[in-house]
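Student: Before we discuss the fold, I would like every descriptive term to be tied to its criterion. Could you take me through it that way?

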Amino acid sequence: LPTHAGNSLEPKECSMEPLAMPDEEVPLSMAPGPVGCQLFGYVGIEAVLDQMKIKTMKTGFEFNIMVVGQSGLGKSTMVNTLFKSKVSRKSSQPGQEERIPKTVQLQSITHVIEEKGVKMKLTVTDTPGFGDQINNENCWDPIIKYINEQYERYLREEILITRKRKIPDTRVHGCVYFVPPTGHWLRPLDLEFMRRLSKIVNVVPVIAKADTLTLEERAEFKQRIQEDLKTHAINVYPQEDFDQDPEDRVLNDRIREKIPFAVVGADQEHQVNGKRVLGRKTKWGIIEVENPAHCEFPLLRDLLIRSHLQDLKDITHNVHYESYRMQRLNESNQP
């Protein structure tokens, strides 16, 4: 065996690739270039999308939403309007609305909704009594405790030696915060809640019962809220820091310009020009909740369900839950 100078145990760097001659043609498969390359025929890679769709339709998926706001702002009605079903706690227990406690005692109810073969296990968490007290000091503590409990439950299942194939996901993916339509600035309670909660969950603020404001009042109120959020460095969803690519940033910038959405909820249908529409009937006409000219409910629905539902789940898992997981594991590793 040939000997090398120096330590014979040290690995020597050497190139096993043959040197290409200047006039030698490099095969297409070896040519440097972008990750994607031209295929010579149909391989069937796109069938992966069909496989994922079939698997999702068989197993379904989970989505957990929390609604927070004072009593009387239409939280239950808004949830029913979003999913076009009687999914709120208020509507699922007829005759018991009066006995809903006025303390911040969180209540969750779970439904399975199916549309065109796709099943969604929806959990709605309501916060009756939030902000209703004379002294609202630390009224957000039960909400923070509940959100962290769901992270803790998921973490305990995840660190087991023998884990379930599919860990039940009860983590809150989105928190819709209802701002009272005062037309002024955000209250200290609103600012403190969103400041604390935006660090552990995706917070989407909305202006409740926006039909009580004129269009000019609505636009001015929205601008004041945006200034308040910027002044106090409150990052509501969708957060700028988590935009993945330029296309996402362009889409999310348009959404951020509209936040908070001025919404109107209604779970009753009315006849308008021969069509049945969801709306609120008044003496001067019908407010159509799905008409962009009347309110911004369609924007909220598109954000939560049609365009960003999976993104809400991904940020919950990769950012908020990961932050909680790191904190808990660091605590357990300390002597």
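Tutor: Let us begin with the vocabulary: two strands pair if DSSP finds at least two bridges between them, while helices (H or I, at least four residues) and strands (E, at least two) are DSSP runs numbered from the N terminus. The model is a predicted one, in which local features need pLDDT of at least 70 and side-chain atom pairs count only at pLDDT 80 or more, whereas totals for chains, interfaces and linings use all residues. Residues are numbered from 1 along each chain as its sequence is written, and side-chain values use heavy atoms, with hydrogens and water left out.

Student: What is the order of the strands in the open sheet, and which are its edge strands?

Tutor: The open sheet has 6 strands in the order β2-β3-β1-β4-β5-β6, with mixed pairing. Its edge strands are β2 (107-115) and β6 (261-262), each of which pairs on one side only.

Student: What makes β1 and β4 a pair, and how do they run?

Tutor: The criterion is at least two bridges, and 4 bridges join β1 (residues 61-68) to β4 (residues 174-179), so by that definition they pair; the two strands run parallel. One of the bridge partners is V176 in β4, which is matched with V67.

Student: How many bridges join β2 to β3, and what lies between these strands?

Tutor: There are 9 bridges between β2 and β3 (residues 118-126), which run antiparallel, and V112 has K121 in β3 as its bridge partner. The two strands form a hairpin with 2 residues between them, and K116 in the turn has a positive phi of about 55 degrees.

Student: Why are α2 and α8 called roughly perpendicular?

Tutor: Axes are lines fitted to C-alpha atoms, for helices over the stretch in contact, and angles run from 0 to 180 degrees between N-to-C directions. Angles under 35 degrees count as roughly parallel, over 145 as roughly antiparallel, 65 to 115 as roughly perpendicular and the rest as oblique. Helix α2 (residues 75-83) and helix α8 (residues 297-307) pack at about 70 degrees, with their axes 10 Å apart, and α2 and α8 are therefore roughly perpendicular to each other.

Student: Which residues meet where α2 packs on α8?

Tutor: Taking contact as heavy atoms within 4.5 Å, M78, T81, L82 and F83 in α2 meet F297, L300, R301, L304 and I305 in α8.

Student: How do you know that α4 and α9 are roughly perpendicular to each other?

Tutor: Helix α4 (residues 141-158) and helix α9 (residues 309-333) pack at about 80 degrees, with their axes 10 Å apart, and they are therefore roughly perpendicular to each other. Their contact is made by N148, Y151, E152, Y154, L155 and E158 of α4 and T316, H317, H320, Y321, Y324, R325 and R328 of α9.

Student: Why is A266 called buried?

Tutor: Buried means under 20% relative accessible area, exposed over 50% and partly exposed in between (1.4 Å probe, protein chains only). A266 has a relative accessible area of 5%, so A266 is buried. A266 lies in the loop between β6 and β7 (269-272), and its C-alpha atom is separated by 5.9 Å from that of T81, 185 residues apart along the chain. Not counting residues up to four places away in sequence, A266 touches T77, T81, L278, G279, R280 and V289.

Student: What makes Q239 buried as well?

Tutor: Q239 has a relative accessible area of 6%, and therefore counts as buried. Q239 is placed in the loop between α6 (215-231) and α7 (246-258). Leaving aside residues up to four places away in sequence, Q239 touches N202, R256, I315 and H320.
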